[in-house]
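Hi,

Here is the structure I promised to pass on. Have a look at it first, and then read my notes underneath.

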There are 4 protein chains.
Amino acid sequence: MTEEPRRHDDLDVARLQRRLAEFAAARDWQRYHTPKNLVAALSVEASELVEIFQWLTPEESVRVMEDQGTAHRVTDEVADVFAYLLQLCEVLGIDALAALDAKIDRNEERFPAPGAD
Amino acid sequence: MTEEPRRHDDLDVARLQRRLAEFAAARDWQRYHTPKNLVAALSVEASELVEIFQWLTPEESVRVMEDQGTAHRVTDEVADVFAYLLQLCEVLGIDALAALDAKIDRNEERFPAPGAD
Amino acid sequence: MTEEPRRHDDLDVARLQRRLAEFAAARDWQRYHTPKNLVAALSVEASELVEIFQWLTPEESVRVMEDQGTAHRVTDEVADVFAYLLQLCEVLGIDALAALDAKIDRNEERFPAPGAD
Amino acid sequence: MTEEPRRHDDLDVARLQRRLAEFAAARDWQRYHTPKNLVAALSVEASELVEIFQWLTPEESVRVMEDQGTAHRVTDEVADVFAYLLQLCEVLGIDALAALDAKIDRNEERFPAPGAD
């Protein structure tokens, strides 16, 4: 399907969003992808991340990538959360990068850093 | 703080991740940012998205961006989810873009598209 | 509305389930109470509990009821989770007490206690 | 372990809470049961309920108990949510029934029923 080798700098958000949209379209899954369903799926995937950490101490949670199996599981769930977040942005017409940039701007005003002035 | 005007193509994931890390460091918030706490915060923000949609019909959920106030609220929660996802990736050393790219590859094998061969 | 003083042993699950059903019926809210919407609302309330605890250390979380304001907030969210759980059981015809009793039975077989034989 | 046959009216909340506490104590699991961990587990189980419903239409969600396998899965997840809710109440000293009763009282004031006066 992807004919040319992928270079790392191709790995931008817009390209992944396009891959996800094509993936859903090719399987006729778009009809399931109402915003309401996508936010539910997003929250379910976020909880699958929580499940990995739920009984760990804070210290154990810091070392979670040292075990290869757990590292793979965490990375996989991160990908799932990211996938549903980008699909949600796609159907709602939200620019995730711009939204986050604007949010950090607002937070910098809301929570001034000590000694920032 | 940001001296030069920002161009849109600067808005990549790595840059936002750096902004978030600097934001947390300047406020001495990193000690709260254990992986365990960040996944909890991520799931809480995902649920705040769900809250906006919980009583809507599927059809109403599709039109959610037509109301300006709701559109702003949705965009804000999307930014919060994205922020915690990137902060989690930062502390765990996960490349979110590569993780998602690899996941789509695996899903293409796992769920072959009809007529893809 | 409740004419007689309530005795504590009236406070059983069936009675609360009835109160919740009457409450929803009197406000014509039952049409919102599809199982799909109720599980979303349940998970949102569970996340509001998580939000209270998300930045606390394990030790701080143990002392959470010592602060009167936080104690009230936790109790309030517990009530919300319980309310949606019982409303879900009502619309699906699930006996929550029997379901939990059966589950503990199964868990006792699945996870034998050390020295239980 | 339970010597006598159980009668249905024994199935009250206090008895189940005691069973859960004994179950955890016999396996030395109490050290994992900080309030922070229990709310995380509660929210994870609530999300496992959401997962069952995430792609269903509202109409399909109403008929979810017609399929025996799904009915069993839903009942099982309801039991898990209830279990963690009661264990949380146990460690925090919250009376779940009284909390919900008080909450319905407050909601009756907050959302007066049409024609209630």
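Below is what turned up when I went through the chain pairs and the salt bridges. Bear in mind that this is a predicted model.

**Chains A and B**

Let's start with this pair. On the chain B side, 68 residues are in contact with 67 residues of chain A. Together the two chains bury about 5600 Å², and 72% of that is on carbon and sulfur atoms. Three residues, B:R19, B:K36 and B:L100, supply 11% of the area chain B buries against chain A, which is more than any other three residues give.

There is plenty of charge pairing too: the rule finds 14 salt bridges across the interface of chain B and chain A. One of them links A:D80 to B:K103, with the closest N and O atoms 2.8 Å apart. The same interface has 24 residue pairs in polar contact, both residues being at pLDDT 80 or more.

Which parts of chain B touch chain A? Helix 1 (13-26), helix 2 (35-53), helix 3 (58-62), helix 4 (68-92) and helix 5 (96-110) of chain B are the elements that give two or more residues to that side. Helix 4 of chain B gives the most, with 15 residues. Sorted by class, the side of chain B that touches chain A has 45 nonpolar, nine polar and 14 charged residues.

How do the two copies relate? In general, two copies of a chain are related by a rotation about an axis and a shift along it. Here a rotation of 180° with 0.0 Å of shift along its axis superposes chain B on chain A, with an RMSD of 0.0 Å. The two copies are therefore related as by a two-fold rotation axis. If you want to find that axis on screen, look for B:S43: in chain B, its C-alpha is the nearest to the axis, 3.1 Å from it. The same surface serves both copies, as 99% of the contact residues of chain B recur in chain A.

**Chains C and D**

Now for the other pair. Here 67 residues of chain D are in contact with 68 residues of chain C. Chain D and chain C bury about 5600 Å² between them, with 72% of it on carbon and sulfur atoms. For chain D, the three residues that supply more than any other three are D:R19, D:K36 and D:L100, at 11% of the area buried against chain C.

The rule finds 14 salt bridges across the interface of chain D and chain C. Among them is D:K103 with C:D80, whose closest N and O atoms are 2.8 Å apart. Polar contacts between chain D and chain C come to 24 residue pairs, both at pLDDT 80 or more. Helix 4 of chain D has the largest share of the side that touches chain C, 15 residues. By class, that side of chain D has 44 nonpolar, nine polar and 14 charged residues.

A turn of 180° and a shift of 0.0 Å along the axis lay chain D on chain C with an RMSD of 0.0 Å. In chain D, the C-alpha nearest the axis belongs to D:S43, 3.1 Å from it. Since 100% of the interface residues of chain D are also interface residues in chain C, the copies meet through the same surface.

**A closer look at some salt bridges**

Over all chains, the count comes to 32 salt bridges by this rule. A few are worth pulling up.

- A:D105 and B:R19 meet through their side chains at 2.8 Å, N to O. This pair crosses from helix 5 (residues 96-110) of chain A to helix 1 of chain B. A:D105 is partly exposed, at 31% relative accessible area, whereas B:R19 is buried, at 8%.
- C:K103 and D:D76 pair at 3.0 Å, N to O. This one runs from helix 5 (residues 96-110) of chain C to helix 4 of chain D. C:K103 counts as buried at 8% relative accessibility, and D:D76 counts as buried at 17%.
- D:D28 and D:R31 form a salt bridge at 3.6 Å, N to O. D:D28 is partly exposed, at 44% relative accessible area, while D:R31 counts as exposed at 55%.

Finally, salt bridges that share partners join A:R15, A:R19, B:D101, B:D105 and B:E108 into one network.

Cheers

Definitions and conventions: Residues numbered from 1 in each chain as written. Chains lettered and ligands numbered in written order. Predicted model: local features only at pLDDT ≥ 70, side-chain atom pairs only at ≥ 80, totals over all residues. Heavy atoms only, no water. Contact = heavy atoms within 4.5 Å. Buried area = accessible area lost by both parts, 1.4 Å probe. Salt bridge = Lys/Arg side-chain N within 4 Å of Asp/Glu carboxyl O. Polar contact = N/O pair within 3.5 Å; in protein donor to acceptor, adjacent residues only side chain to side chain. Helix = DSSP H or I, 4+ residues; strand = E, 2+ residues; numbered from the N terminus. Nonpolar A, V, L, I, M, F, W, Y, C, P; charged D, E, K, R; others polar. Least-squares fit on C-alpha atoms with pLDDT ≥ 70 in both. Buried < 20%, exposed > 50% of the residue type's maximum accessible area, 1.4 Å probe, protein only.
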